[in-house]
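Here is a short tour of a protein model, written for someone who likes to see the cut-offs next to the claims. Please keep the viewer open while you read.

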Amino acid sequence: MTLNSLFQFFVPKDKKFFPLFEKASELLTIMANTLHDAVNAPKNEREELFKKVEELEAIIEDIAHKTHLELSRNFITPFDREDIHSLIKAIDNVADNMHGAASRIRLYQVDKITKSIRKLTEINLEACQLIQVGIRELKDLKNPSAIKETCIKINKLESKADAVFDRAVADIFENETDAKNIIKYKEVLSSLEMASDKCKSVSNVMEQISVKHS
């Protein structure tokens, strides 16, 4: 048994931080699914879905705030304090960027949703589902190989999102003649691509925690 494992054995079961992580990752998946539904919905059905995305982002932000408050109140934590901060911040950043994409579609009145936008929301949904799986595995840290495999999948999705983004931007510059539309689409695509980057950040933190405690 490693020193970290021995220490974990004597630490009381966490009842503060993991409920917050689990709730945040659950809502993140719902948010990603809502955004994916929105970009696949008819124009007249999108507004309610975008409002739901906005509401979910606010709740996740509140969970991040509560997590930071718990850090200030509790001496004993399930793993390193900086890792707790990094993990909830990374989850919140994913939510921020998905909300940013939804906001830009609304504000810029992007009526025609491209295949690339739909593909990126699909990739982000899959990555968020994997984040939820990874958070559950982190709870007891009994299966580091499962966490590693989950992180590998998230990282592959991030690479896939980069490729979709690059092709989409190249296509916009080649085929779009309206400068306003170029800006609109690039802003939306950038937010979605950044969301996938932040999913990778969550993955990196989860893997780091797993390595420290395995």
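## Salt bridges within helix α3

At 36% relative accessibility, K51 counts as partly exposed, while E48 is exposed at 55% (buried is under 20% relative accessible area, exposed over 50%, partly exposed in between, with a 1.4 Å probe and protein chains only). The side chains of K51 and E48 meet in a salt bridge, 3.8 Å from N to O (a side-chain nitrogen of Lys or Arg within 4 Å of a carboxyl oxygen of Asp or Glu). The two are three residues apart in helix α3, residues 46–73, so about one helical turn separates them (helices, H or I of at least four residues, and strands, E of at least two, are DSSP runs numbered from the N terminus).

This is a predicted model, in which local features need pLDDT of at least 70 and side-chain atom pairs count only at pLDDT 80 or more, while totals for chains, interfaces and linings use all residues. Residues are numbered from 1 along each chain as its sequence is written, and side-chain values use heavy atoms, leaving out hydrogens and water.

Helix α3 also holds the salt bridge of R73 and E70, at 3.7 Å from N to O. Again the partners are three residues apart, about one helical turn. Their surroundings can be read from the accessibilities: R73 is exposed at 59%, whereas E70 is buried at 15%.

## A link between α7 and α4

Which residue forms a salt bridge with D83? K212 does, with the closest N and O atoms 2.9 Å apart. Because K212 lies in helix α7 (residues 179–212) and D83 in helix α4 (residues 81–107), the pair ties together parts that are 129 residues apart in sequence. D83 is buried, with a relative accessible area of 1%, and K212 is partly exposed at 28%.

A search of the whole structure finds 13 salt bridges. E47, E54 and R106 are linked in a network of them.

## Helix α4 and what follows

Helix α4 has 27 residues and reaches 38 Å from its first C-alpha to its last, close to the expected 39 Å (1.5 Å times one less than the number of residues). Just after α4, Q109 takes a positive phi of about 55°.

## The largest nonpolar core

The largest nonpolar core has 65 residues, of which F21, L28, L87, M98, L138 and M206 touch the most other members (such a core is a set of buried Ala, Val, Leu, Ile, Met, Phe, Trp, Tyr and Cys residues joined through side-chain atoms within 4.5 Å). Two or more residues come from each of α2 (17–40), α3, α4, α5, α6 and α7. The largest share, twelve residues, comes from α2.

## The second largest pocket

The second largest pocket has a volume of about 280 Å³. On a 1 Å grid over the protein atoms alone, a pocket is an open set of points where a 1.4 Å probe fits, with protein on both sides within 12 Å along at least five of seven lines, and lining residues have an atom within 4 Å of a point. Grid points are joined across faces, edges and corners, and the volume is the space filled by probe spheres set on the points.

Among the lining residues are K112, D171, E176 and Y185. Helices α5 (115–138), α6 (144–175) and α7 each supply at least two lining residues, and α6 gives the most, with four. By class, the lining has four nonpolar, four polar and four charged residues (Ala, Val, Leu, Ile, Met, Phe, Trp, Tyr, Cys and Pro count as nonpolar, Asp, Glu, Lys and Arg as charged, and the others, Gly among them, as polar).
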